[in-house]
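Q: Could we go through a structure together, taking one feature at a time? I should like to learn how each is read.

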Amino acid sequence: MEVEPDIFPIEDSLAPLLITSSIVIVVFLSLPELKRDFVNVNTDVLRRAWRLTYNMEEAMFDMHVRRTGWVQKKVGVGGGPESVADHMYRMAVLSFLVDPGAGLDKHRCMKIALVHDMAECIVGDITPQDGISKEDKHKKEKTAMKHICSLVEESVGQEIYSLWQEYEDQSSKEAEFIKDIDRFEMILQAFEYEQMDMKPRYLQDFFDSTKGKFKTEQVKAWVQSLEATRNTTPNM
């Protein structure tokens, strides 16, 4: 079996580092008699480990930030609305399906999908209905991203920020593809909520908001398939 190259070079070391560093820090801070044995410890390593641990805890707020549009529609009775983390994760999974002939970097697509809404763990999921201009929204998210990226090692922070900025600027084919996936995931989720809540077509406004905005041929085909399925789904 052919081994795929590392998608995220930091992952292999990050998980054990977070766990080990947390244990080391707790022991170091709670047992004064052991501090003498750590006189020569590399404090910079501990500091970076602590910052990584702190950032991961902060980033987990994405798991609890619900997508505003779904909250306003009171969707997902019984299961609750999709979170920002749910949204980004499924976008990353959809990125696996990128057409090999499209000339896109699949791994870069996945990375962009996983960071594009990261700022929302701090600023929340801002929508046009919130009355905040696109300029102010971008400014708030930019500040949040700089804060998040400052909490990790410089090289990691630079990569995360660069990927986020690439998406914001739509400066690459990968960023355009992920923007299409962002919109597609939304209408796919809308269709699922229509079925779950047994209210056919009651989320039509989400579909309408994406009309004419898809750019990539692959996602356009997905949209056509979804619409065909939705149009042939019997009323519940």
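Q: Is Arg108 buried, partly exposed or exposed?

A: In this predicted model, Arg108 counts as partly exposed, because its relative accessibility is 30%. The class follows from cut-offs: buried means under 20% relative accessible area and exposed means over 50%.

Q: With which residue does the side chain of Arg108 meet in a salt bridge?

A: One looks for a side-chain nitrogen of Lys or Arg within 4 Å of a carboxyl oxygen of Asp or Glu. Here the partner of Arg108 is Glu166, with an N to O distance of 2.5 Å. Arg108 belongs to helix 6 (residues 106-115) and Glu166 to helix 9 (residues 154-169), so the salt bridge ties together parts that are 58 residues apart in sequence. Glu166 counts as buried, because its relative accessibility is 9%.

Q: Which residue forms a salt bridge with Lys111?

A: Glu159 does, and the closest N and O atoms are 2.7 Å apart. Since Glu159 lies in helix 9 and Lys111 in helix 6, this pair ties together parts 48 residues apart in sequence. As for accessibility, Glu159 counts as partly exposed at 34%, whereas Lys111 counts as buried at 14%.

Q: How many salt bridges does a search of the whole structure find?

A: The search finds eight salt bridges. One of them joins Glu192 to Arg90, whose closest N and O atoms are 3.0 Å apart. This pair links distant parts of the chain: Glu192 is in helix 10 (residues 173-196) and Arg90 in helix 5 (residues 84-95), 102 residues apart. Glu192 is partly exposed, with a relative accessible area of 29%, and Arg90 is partly exposed as well, with 21%.

Q: Which residues are linked with Arg90 in a network of salt bridges?

A: Glu185 and Glu192 are linked with Arg90 in such a network. When reading a network, one follows the salt bridges from residue to residue rather than listing each pair in isolation.

Q: Which residues form a nonpolar patch on the surface?

A: To read a patch, one looks for nonpolar side chains that are accessible and grouped. Here Tyr89, Val93, Phe96 and Leu97 form one, with about 420 Å² of accessible area together. Phe96 is in the loop between helix 5 and helix 6. Phe96 is partly exposed, with a relative accessible area of 45%.

Q: What lies 2.6 Å from the backbone oxygen of Leu97?

A: A polar atom of the side chain of Gln218 lies at that distance. Gln218 is found in helix 12 (residues 217-232). Leaving aside residues up to four places away in sequence, Gln218 touches Leu97, Val98, Asp99 and Phe177.

Q: How many helices and strands are there in the protein?

A: One reads the elements in order along the sequence. The protein has 12 helices and zero strands, following the pattern α-α-α-α-α-α-α-α-α-α-α-α.

Q: What share of the contacts with a separation of 6 or more comes from residues 24 or more positions apart?

A: Such residues account for 68% of those contacts in the protein. A contact here requires heavy atoms within 4.5 Å.

Q: What percentage of the residues is buried, and how much area does the protein expose?

A: Buried residues make up 41% of the 236 residues. The protein exposes about 13800 Å², and carbon and sulfur atoms supply 57% of that area.

Methods:
Residues are numbered from 1 along each chain as its sequence is written. This is a predicted model: local features need pLDDT of at least 70, side-chain atom pairs count only at pLDDT 80 or more; totals for chains, interfaces and linings use all residues. Side-chain values use heavy atoms; hydrogens and water are left out. Helices (H or I, at least four residues) and strands (E, at least two) are DSSP runs, numbered from the N terminus. Buried means under 20% relative accessible area, exposed over 50%, partly exposed in between (1.4 Å probe, protein chains only). Accessible areas come from the Shrake-Rupley method with a 1.4 Å probe; for residues, only the protein chains shown count as cover. Patches are made of residues with over 30% relative accessible area and no salt bridge: like charges are joined within 9 Å, nonpolar side chains (Val, Leu, Ile, Met, Phe, Trp, Tyr) within 5 Å. A polar contact is a pair of N or O atoms within 3.5 Å; within protein, one must be able to donate a hydrogen and the other to accept it, and residues adjacent in sequence count only if both atoms are side-chain atoms.
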